[in-house]
Amino acid sequence: MPDIMQVHRSQESKIDYSMHTFLLFCATLPLANGAGIQKRAWSHLEALSAAGQVDLVLLLTPAQIRRIETFDAIRMHCRSLLVVPVDPSSRAHTSKLPGLTFAKRLLSLGRPMVTLRNCPDREKLRSLISSHKYDLIFCFRLRNFELLMALLNAERSKTLRIFVDFDDIESVAQERELAAMGAAVGFEQRLLMKMDIAETAATEMRALEVAAGVSVCSTLDAERLGSRDPTARICVVPNSLPELRTLPPRGASGQINLLFLGTMTYQPNEDAAQFFCAEVLPLVRARAHNSTSFHLEIVGRGPSSAVQALADAPDVTVTGDVDSVESSYERADIVIAPIRFGGGTRIKILEALAYGRPVVSTTVGAEGLDLIPERDILIADTPEAFADACLRLAADETLRIRLAQSGRRRFENLYEARCVQEKMVCDLKKLIVTDSRSTLV
């Protein structure tokens with residue numbers, strides 16, 4: 001196998017990278033200040049536009065399209081923009097009759113979760129793929145790879161250089177969700193979840209085999225994928241954030257403010273909020289010193305009625321979507337991430353580190369982040385341990401400051417957007433100049 005760096009160096013002088021062209025498929029609107037998935041999409045768009053010219057294709061549901069107020073910000077980073085509506089496929093349809101959903105699901109095996117709406121923009125997309133020779137077709141998330149494969153025949157797919165950003169490994173997240181929630185759902189739902197896991201894993205394997213390269217957000221996930229296909233070229237592209245100003249420690253007030261921040265339409269976040277309020281917060285209240293009170297603020301778009309009901313407790317506030325999260329971090333003494341399942345790495349933790357706030361997380365919540373417990377973050381997995389970690393930080397201002405300062409340095413060294421984007425562009429350039437397959441770490 002040729003050495004990738006030697007191939008890159010020997011050919012770099014012959015190639016004008018500013019002339020590279022990319023076709024970027026996104027299943028979400030890239031936003032610098034959006035939800036976690038939108039921040040990652042924005043970072044990809046910025047990186048690709050710095051390396052060449054980008055034709056951006058947004059594959060969005062009608063509901064997503066209706067929520068968009070303007071495309072001005074993303075138009076600055078792309079040569080062209082095409083928005084193609086998608087609809088749930090028969091694979092996503094459910095029925096209230098027992099057994100019927102499973103029967104419908106069997107009939108939809110192998111089909112994507114969404115389908116392109118039959119409209120002029122769909123034909124524009126077909127024309128875009130067929131009429132342009134792109135240096136790289138970049139699919140953000142596995143769903144877009146599924147859609148791209150549905151548009152191409154087998155021979156055409158072999159002529160394209162395709163790159164797939166998994167972000168996290170969806171089949172792993174699905175397995176964890178089944179383990180966490182399987183006992184609470186019926187037999188048919190468990191079968192459906194197992195079927196989803198099998199289909200997702202099969203699509204992941206196809207991407208490893210077909211794509212010129214794939215990426216994930218952590219070295220841990222890269223190792224997991226590498227064990228499935230040792231010949232696959234796997235890049236590590238961490239979640240990242242732009243430089244944020246470090247907030248000063250909050251002044252003493254006799255009250256310790258806890259902050260949990262995340263999109264509440266994401267099941268692991270909703271579960272985390274309910275778990276903390278039901279099992280951890282009562283222990284914090286019971287064990288707190290009489291002179292110290294605690295207040296929890298839950299911030300995030302789309303809180304369900306169950307999450308909103310948590311605010312019935314006098315020491316809990318539930319806030320929906322906010323224009324800026326900085327004020328929430330300014331009010332916080334401690335940021336919590338009591339995540340019990342899911343995948344990938346948590347932008348909410350990186351954000352807390354960037355703002356200079358100490359974090360308490362579960363092992364799953366901090367998974368994939370190169371953080372050292374007790375130096376950069378506190379890790380606790382049981383309700384008792386999580387409550388003790390919160391109480392320990394509440395009682396020790398020096399520890400709060402030390403963790404915040406160390407976490408901030410870790411963010412600057414590993415997760416600041418500019419550094420991550422430069423590494424990603426370097427890896428993509430290697431893909432463009434060589435067809436050899438290996439892991440890029």
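This report looks at confidence, one helix and one helix pair in a predicted model.

Let's start with how far to trust it. The mean pLDDT for the protein is 88, and 92% of the residues reach at least 70. Two stretches that fall under 50 are set out here.

| Stretch | pLDDT | Contacts in the model |
|---|---|---|
| Residues 1–17 | under 50 | 25 contacts beyond four places in sequence |
| Residues 436–441 | below 50 | 28 contacts beyond near neighbours in sequence |

So go easy there: where pLDDT is low, the predicted coordinates shouldn't be read in detail.

Now for helix H9, which covers residues 170–181. Its twelve residues, at 1.5 Å a residue, ought to span 16 Å, and the C-alpha atoms at its ends sit 16 Å apart, so expectation and model agree. Which residues of H9 are buried? They are Ser171, Val172, Ala173, Arg176 and Leu178. Among the elements covering these buried residues are helix H10 (187–210) and helix H11 (219–228).

H10 also pairs up with helix H5 (residues 100–107): their axes come within 9 Å and cross at roughly 15°. With angles under 35 degrees counting as roughly parallel, H5 is therefore roughly parallel to H10. The crossing of the two, H5 and H10, is left-handed. On the H5 side, the contact is made by Leu100, Thr101, Phe102, Arg105 and Leu106. H10 brings Glu188, Leu191, Leu192, Met195, Asp196 and Glu199 to that contact.

To pull the helices together: H10 helps cover the buried residues of H9, and H10 also makes contact with H5.

Definitions and conventions. Residues numbered from 1 in each chain as written. Predicted model: local features only at pLDDT ≥ 70, side-chain atom pairs only at ≥ 80, totals over all residues. Heavy atoms only, no water. pLDDT = per-residue confidence, 0-100. Contact = heavy atoms within 4.5 Å. Helix = DSSP H or I, 4+ residues; strand = E, 2+ residues; numbered from the N terminus. Expected span 1.5 Å × (residues − 1). Buried < 20%, exposed > 50% of the residue type's maximum accessible area, 1.4 Å probe, protein only. Axes fitted to C-alpha atoms, helices over the stretch in contact; angles between N-to-C directions. Parallel < 35°, antiparallel > 145°, perpendicular 65-115°, else oblique. Left-handed = near helix turned anticlockwise from the far one by under 90°.
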